[in-house]
Amino acid sequence: MGTKPCSLAGCCFGFGDVLELGIDCQCRLTFNLLNQSKILFTAFMLYVMMGRGQSLMQCIGLFGLFAASSILSTGKAASSSEPGDEKSLQFYEGIVPCLAASVLSGLASALSQIALQVRPP
């Protein structure tokens, strides 16, 4: 495979950092909760790209993380008193880029793992 996974991982991390500039369009709690989804996307990407599943305890932990993030973020959204346009701006310029950065971070982590697992010929 060579340096291809390393190069792709670097590009994914770099582009993900640019997308995380949407932090200014959302509250800090929402950003921190969305940032925790990197763990979920990393586990998913490792499963898809390397076929490595998670143990039962790891699945329970991942589900707990997802449930806690969902509950806290929906509670924050329900108590928000922002006008409709502000919520739309927060979603498209804050939440969507942050989720995309989390997906890219998961992909980059899986590519890094592939690069570390490949033995030179």
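# A first look at a five-helix chain

The protein chain exposes about 7800 Å² of surface, and carbon and sulfur atoms supply 67% of that area. Please keep in mind from the start that this is a predicted model.

**The overall build**

The protein chain has five helices and zero strands. Read from the N terminus, its elements run α-α-α-α-α. Of the 121 residues in the chain, 27% count as buried. How do the contacts spread along the sequence? Taking contacts between residues at least 6 apart in sequence, 84% join residues at least 24 apart.

**The nonpolar core**

A good place to go next is the inside. The largest nonpolar core has seven residues: Ala9, Cys12, Leu19, Ala101, Leu104, Ala108 and Leu111. Helix H1 (4–19) and helix H5 (84–117) are the elements that give two or more residues to this core. Which of them gives the most? That is H5, with four residues. There is a general background to such a grouping: in soluble globular proteins, nonpolar side chains tend to be buried together.

Leucine 19, one of the core residues, is a handy spot to zoom in on. Leaving out residues up to four places away in sequence, leucine 19 touches Pro97, Cys98, Ala100, Ala101 and Leu104. Two of these partners, Ala101 and Leu104, are listed in the core as well.

**One face of helix H2**

Helix H2 covers residues 28–35, and its buried residues are Thr30, Phe31, Leu33 and Leu34. Why can they be said to line one face of the helix? Seen down the axis of H2, the buried residues fall within an arc of 165 degrees, so they line one face.

**Two buried serines**

Two serines are worth finding in the viewer. Serine 37 is found in helix H3, while serine 105 is found in helix H5. Is serine 105 buried or exposed? With a relative accessible area of 11%, serine 105 is under the 20% cut-off and therefore buried. Serine 37 also has a relative accessible area of 11% and is buried.

Their surroundings can be traced too, leaving aside neighbours within four places in sequence. Serine 105 is in contact with Phe13, Lys38 and Thr42. Serine 37 is in contact with Leu99 and Ser102.

**Nonpolar residues on the outside**

Now for the surface. Phe44, Tyr47, Val48 and Met49 make a nonpolar surface patch of about 420 Å². Phenylalanine 44 is found in helix H3, which covers residues 37–50. At 48% relative accessibility, phenylalanine 44 counts as partly exposed.

Elsewhere, phenylalanine 63 has its place in helix H4 (residues 56–78), and leucine 116 has its place in helix H5. Why does phenylalanine 63 count as exposed? Exposed means over 50% relative accessible area, and phenylalanine 63 is at 59%. Leucine 116 is exposed as well, with a relative accessible area of 69%.

Each of these two exposed residues can be paired with a residue elsewhere in the sequence, as the table shows.

| Pair | Apart in sequence | C-alpha to C-alpha |
|---|---|---|
| Phenylalanine 63 and leucine 40 | 23 residues | 8.8 Å |
| Leucine 116 and proline 5 | 111 residues | 9.3 Å |

**Pulling it together**

To recap, the chain has five helices and zero strands, with a largest nonpolar core of seven residues to which H5 gives the most. On the outside there is a nonpolar patch of about 420 Å² that includes Phe44.

Definitions and conventions. Residues are numbered from 1 along each chain as its sequence is written. This is a predicted model: local features need pLDDT of at least 70, side-chain atom pairs count only at pLDDT 80 or more; totals for chains, interfaces and linings use all residues. Side-chain values use heavy atoms; hydrogens and water are left out. Buried means under 20% relative accessible area, exposed over 50%, partly exposed in between (1.4 Å probe, protein chains only). Contact means heavy atoms within 4.5 Å. Accessible areas come from the Shrake-Rupley method with a 1.4 Å probe; for residues, only the protein chains shown count as cover. A nonpolar core is a set of buried Ala, Val, Leu, Ile, Met, Phe, Trp, Tyr and Cys residues joined through side-chain atoms within 4.5 Å. The arc is that of the directions from the helix axis to the C-beta atoms. Patches are made of residues with over 30% relative accessible area and no salt bridge: like charges are joined within 9 Å, nonpolar side chains (Val, Leu, Ile, Met, Phe, Trp, Tyr) within 5 Å. A salt bridge is a side-chain nitrogen of Lys or Arg within 4 Å of a carboxyl oxygen of Asp or Glu.
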